Structures are given as structure tokens and as C-alpha cells.
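Open your viewer and keep the selection box handy. We will go from stop to stop, choosing what to highlight next.

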Amino acid sequence: MREVDPKTTSRAMSYELYIDAPMPMVTLFKTMDITPLVRLSKKGHKLNMLLCWCALAAAKQVEEFFLLPVGKALMKYDRLGVNVIVNNAHGSLSSCDLPDCTDWRAFEAAYLALTMRVHDTAQNYELDDAMILGTSALAGYDIDGAVNFYSGLYNNPFLIWGKYVKKGWKQFLKVSFQFHHVQMDGQQACRFLDEMQNEINQFSKEK
């Protein structure tokens, strides 16, 4: 990663407008059809892993994800990662960053290995050189959405979801997506959510 001059990026105007805003975060809500992922999860693949892969694959298609305000600096990253929260062996929570991989099965292998490591050691695992998309899965709870707090320290985009619901033969998941307005505008955020749905739909081809 490296610091860039905001004026040389597509975020120049948003940087000027929102870098000093007391609450620069925006949250969007979307209901996604995750039927292909639920079907695959019943064959032994973790649903949370599949959702994280789809989110990461979608984020790579939106160039604004590679930029992130850190303090007053605008940083440009060469790669992305995704974060999950792990219930560790000590009965508390730990954080685990997962790297981008060539395909979802390679990502699955990394997901299983790294989350198990974090579970057993109760030590956070971080990728220092990647822009991290945060996630929080409240899979045991039926929620309509969530607005995350803004600390001023963590500006990364963040996805939250709860329990999926079944309607007919399909399964739907309500997703909350929070992002820093310097990093992207609503148009890019909506495109990301659409791309995530497209990535989910691709799994309808998996046997």
C-alpha cells in the first residue's frame, strides 16, 4: 500500500467533502437471494465462507475498494482481503483476515486453516498490506439490519448479516453494508452489492 494524492484519484471531491465529517459512514441495506449458497452449504461447505468469497470477488470488481482513508491520508492498496470474527477456544472473540485466492476452493482451504488457527490460539491474524472488507455474521438471529458504530479509527467497509429466511423454495438474506463516504459513493456501493448477488448466482452452476 502507498499514500496517494486524493486530487489524482476519482475520490477528489468526496475527500474534500467528507474527510473532516464527524460521521462519514453510510449504510445500505439489501435482501439477497442466497439459494445457490444454501444448497451448496448442505453439501458440507460453510455458508459463511461462501458469502465471504462472494463479497471479496464482488469487491475486486469495484476500483474504489482499493482506496481507503487512514486518518487524513488516502491509501491505495494492491490487493484485498476479507475479515471474519471467530469464536475462539477461550470463549471470546478473535479476528481473522483472509487473503484473496485464485478460486473459491482455494479460498475455502485458507478459510478453514486460518480460522482454525485463530480459534485454537485465540490470537488475531492480520494482513497488513491488504484493504480489508470486514464482516460480522449473526447467523443465529433474525435481524432486519444493523448500523455499525464509527470509531474514527476503523474506516474499512463492513458487511453484517443475520439468519437467512426461507420463502417458498428460495432462501433470502438481509445484508447491511457500511462504507466511508471518502472511499466510495452510493453508486459504487450499490454496484458492489449487485456484483455480490451476481457472484452468488454463479454458484447455481456448481454441482
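## Stop one: a strand pair and its sheet

Select L68 first: M75 in β4 stands opposite L68. Before moving on, note that this is a predicted model, in which local features need pLDDT of at least 70 and side-chain atom pairs count only at pLDDT 80 or more, while totals for chains, interfaces and linings use all residues. Residues are numbered from 1 along each chain as its sequence is written, and side-chain values use heavy atoms, with hydrogens and water left out.

Now widen the selection to β3 and to β4 (residues 73-76): four bridges join these antiparallel strands. Strands here are DSSP runs of E with at least two residues, helices are runs of H or I with at least four, and both are numbered from the N terminus. Two strands pair if DSSP finds at least two bridges between them.

Look next at the turn. β3 and β4 form a hairpin with two residues between them, and G71 in that turn has a positive phi of about 65°.

Add β1, and you have an open sheet of three strands in the order β1-β4-β3, with antiparallel pairing. β1 (2-4) and β3 (67-70) each have a single partner strand, so one side of each edge strand is left without a neighbour in the sheet. On average, neighbouring strands of this sheet are turned by 45° against each other, direction ignored.

## Stop two: α3 against α4

Select α3 (residues 47-59) and α4 (residues 104-121): their axes come within 10 Å and cross at roughly 125°. Axes are lines fitted to C-alpha atoms, for helices over the stretch in contact, and angles run from 0 to 180 degrees between N-to-C directions. That makes α3 oblique to α4 (under 35 degrees counts as roughly parallel, over 145 as roughly antiparallel, 65 to 115 as roughly perpendicular, and the rest as oblique).

Which residues in α3 meet α4? Show N48, M49, L50, C52, W53 and L56 in α3, with W104, F107, E108 and Y111 in α4 as their partners; contact means heavy atoms within 4.5 Å. By class, this contact of α3 with α4 has eight nonpolar, one polar and one charged residues (Ala, Val, Leu, Ile, Met, Phe, Trp, Tyr, Cys and Pro count as nonpolar, Asp, Glu, Lys and Arg as charged, and the others, Gly among them, as polar).

## Stop three: α3 against α5

Keep α3 and add α5: the two pack at an angle of about 130°, with their axes 8 Å apart. Here too, α3 is oblique to its partner, α5.

On the α3 side, display L51, C54, A55, A57, A58 and A59, which meet F192, E195, M196, E199 and I200 in α5. The contact of α3 with α5 has nine nonpolar, no polar and two charged residues.

## Stop four: two single residues

Jump to Q202, found in helix α5 (residues 186-202). Is Q202 buried, exposed or partly exposed? Q202 is partly exposed, with a relative accessible area of 42% (buried means under 20%, exposed over 50%, partly exposed in between, with a 1.4 Å probe and protein chains only). Draw a distance from Q202 to L40: their C-alpha atoms are separated by 12 Å, with the residues 162 apart along the chain.

Finish at A122, in the loop between α4 and β7 (131-137). A122 is buried, at a relative accessible area of 18%. Phi of A122 is near 60°, a positive value in a residue other than glycine. Most residues other than glycine have a negative phi.
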